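User: Please take a close look at the cysteines in this model, and then follow the thread into the packing around them and beyond.

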Amino acid sequence: MKYRRLGKTDWKVSEVSLGTWQVGGTWGAPFSDKEADRILNEAIDSGINFIDTADVYSDGLSEQAVGRVVRSRSEYIYVATKCGRQIAPHTADNYTVKGLRKYVEDSLQRMKIERIDLIQLHCMPTDAYYRPELFGVFERLREEGKVQHLGVSVEKVEEAIKAMEYENVATVQIIFNLFRQRPSELFFDLVRQHDIGVIARVPLASGLLTGKFSAQSTFGEGDHRQYNREGEAFDRGETFSGVDYELGLQAVAKLKELFPGEENLAPIALQWILSFGEVSCIIPGASKVEHLRSNVGAVDRAPLTEAQLRSMNKIYRQMIKPAVHQLW
């Protein structure tokens, strides 16, 4: 494993880390503590020292699994969780200082830890980023020893830019992958200026960039790749990075032509992200240990050549950019 600095936290985190949205099994399936423990332990065994979860993942079961495994290990593992998505209806007006404090304390109780290393506001409505008191409460929680650092997980570049105006924001978690390249522009310039740690989420575009899907692929009823393609349940950009599924398949077919003989494109897609020095870590999910091993394998491959990177970016410019670039 290789490690990178996570912005002003000054932590050295594994460049391939772990996201736990579906760590207990596939989306929509019952949560398996056994499978979650197996994946989490294998992640730590492989050198991963940064694990990202959220209070809403599997109704808190993901946090419980992360806490249980981290407490059982001798290595120090940075635990990042998120809060705010429990709010219903999910509007800026419904965010309160009291509510955010309670969410943090509930997460501490679920994970049975004394302090959260990184607490992140979880994809707030845009208007909420203009309420300083929502960021100030975490400074008080830090003084109480309940959290160490504050970050945000965002849908849009504009939200990230606004969040970085708050001095206590240390990290930004943002969708960034071969099919979502806008963050590499102004956002990355500001990241360098503000010394912000960048956590790249949805790095495989909900699995689209693995190259394993086809027009005949099916997804379960509880899988957002089935029910949220047009943003019916939450932001469309969370599902296949907002790329139309059929268009995405066409672009992936072109990507396969660049890498003949590669049955699994996931490590290549992850390498593309890691070619950017502004990225501190990526947090691909894993519903199976095999997925985790594939993701970690990205660090052992020979670096992508400049010619390969140019060809990959050409696919984005010609096929994907016109449809999605300015939306997020």
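Is Cys83 buried or exposed, and what is its relative accessible area?

Analyst: This is a predicted model, in which local features need pLDDT of at least 70 and side-chain atom pairs count only at pLDDT 80 or more, while totals for chains, interfaces and linings use all residues. Residues are numbered from 1 along each chain as its sequence is written, and side-chain values use heavy atoms, with hydrogens and water left out.

Cys83 is buried, with a relative accessible area of 0%; here buried means under 20% relative accessible area, exposed means over 50%, and partly exposed lies in between, for a 1.4 Å probe and protein chains only. If a disulfide is taken as a pair of cysteine sulfur atoms within 2.5 Å, the count for this model is zero. Cys83 accordingly takes part in no disulfide, and the nearest cysteine sulfur to its own, that of Cys123, is 12 Å away. Seen from the other side, Cys123 has its closest cysteine sulfur in Cys83, and because the separation is 12 Å, it is too far for a bond. Cys123 is also buried, with a relative accessible area of 5%.

From the cysteines one can turn to the packing of nonpolar side chains. A nonpolar core is a set of buried Ala, Val, Leu, Ile, Met, Phe, Trp, Tyr and Cys residues joined through side-chain atoms within 4.5 Å. The largest such core in this model has 99 residues, and those with the most contacts inside it are Phe135, Phe138 and Phe187. Apart from this largest core lies another of ten residues, among them Leu6, Ala80, Leu118 and Cys281. Returning to Phe187, and leaving aside residues up to four places away in sequence, its contacts (heavy atoms within 4.5 Å) are with Val157, Ala160, Met164, Val172, Ile174 and Val198.

A residue with some exposure is Tyr3, which is partly exposed, with a relative accessible area of 40%. Tyr3 sits in strand β1, residues 3–5, where strands (E, at least two residues) are DSSP runs numbered from the N terminus. Although Tyr3 and Glu15 are twelve residues apart along the chain, their C-alpha atoms are separated by 5.2 Å. Glu15 is also one of the residues that Tyr3 touches, and when residues up to four places away in sequence are not counted, the others are Lys12, Val13, Ser14, Gly47 and Asn49.

Definitions and conventions
Helices (H or I, at least four residues) and strands (E, at least two) are DSSP runs, numbered from the N terminus.
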